[in-house]
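Here are a few short exercises to work through with the model open in your viewer. Try each one before you read the solution.

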Amino acid sequence: GFTVAMDDFGTGESSLNLLTKVPVDVLKFDKSFLDEAINEESTGLDQDSAEVISSLISLGKNLKKKTIFEGVETRVQVDFLKSIDCDQVQGFFYSKPLTEEEYLKFLKEHI
């Protein structure tokens, strides 16, 4: 009755062999992948990094996992992730971390 996510997939202790050993529902990708592919200083998309991200999303889809990218900060990143069928994104593009009071105010204003 609950969902299990593997946070920061592809970095640190989360590796490909864990996908066959740990029953997870969601692969949550670290912002470091996006930082390599798209940043404000770059003149465009780093094609090699974009291919890695696209392959990771495809891997998740093939394994029937939801995919989430964290650390999304720009419209270019949002559009790119949407174009490769990433399920969800989170990051400062939508909101900085909020206190409970700020969150309740945000909900009242936007829902």
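**Exercise 1.** How many bridges join β1 to β2, and do these strands run parallel or antiparallel?

*Solution.* Before counting, a word on the ground rules: this is a predicted model, where local features need pLDDT of at least 70, side-chain atom pairs count only at pLDDT 80 or more, and totals for chains, interfaces and linings use all residues. Residues are numbered from 1 along each chain as its sequence is written, and side-chain values use heavy atoms, with hydrogens and water left out.

Step 1: get the elements. Helices (H or I, at least four residues) and strands (E, at least two) are DSSP runs, numbered from the N terminus.

Step 2: count. β1 and β2 are joined by 3 bridges and run parallel. Two strands pair if DSSP finds at least two bridges between them. One contact point to look at is A5, which sits opposite V26 in β2.

**Exercise 2.** Work out the strand order of the sheet and find its edges.

*Solution.* Step 1: go on from β2. Strand β2 (residues 26–29) and strand β3 (residues 66–69) are parallel and share 4 bridges. Within that pair, V26 has K66 as its bridge partner, while F29 has F69.

Step 2: add the last strand. β3 and β4 are linked by 2 bridges and run parallel, with F69 opposite V89 in β4. Between them the chain passes through helix α3 (residues 75–83), and this β-α-β crossover is right-handed (clockwise from the first strand over the helix to the second, with the strands pointing away from the viewer).

Step 3: put it together. You get an open sheet of 4 strands in the order β1-β2-β3-β4, with parallel pairing. Its edge strands, β1 (5–9) and β4 (88–89), each pair on one side only.

**Exercise 3.** Which way do the β2 residues point, and are they buried or exposed?

*Solution.* Step 1: recall the rule. Side chains in a regular strand alternate between the two faces of the sheet.

Step 2: apply it. V26 and K28 point one way from β2, L27 and F29 the other way, and all are buried (under 20% relative accessible area with a 1.4 Å probe, protein chains only; exposed is over 50%, partly exposed in between).

Step 3: zoom out. Of the 111 residues in the protein chain, 32% are buried.

**Exercise 4.** Read off the pattern of helices and strands along the sequence.

*Solution.* Step 1: the protein chain has 4 helices and 4 strands.

Step 2: in sequence order, they follow β-β-α-α-β-α-β-α.
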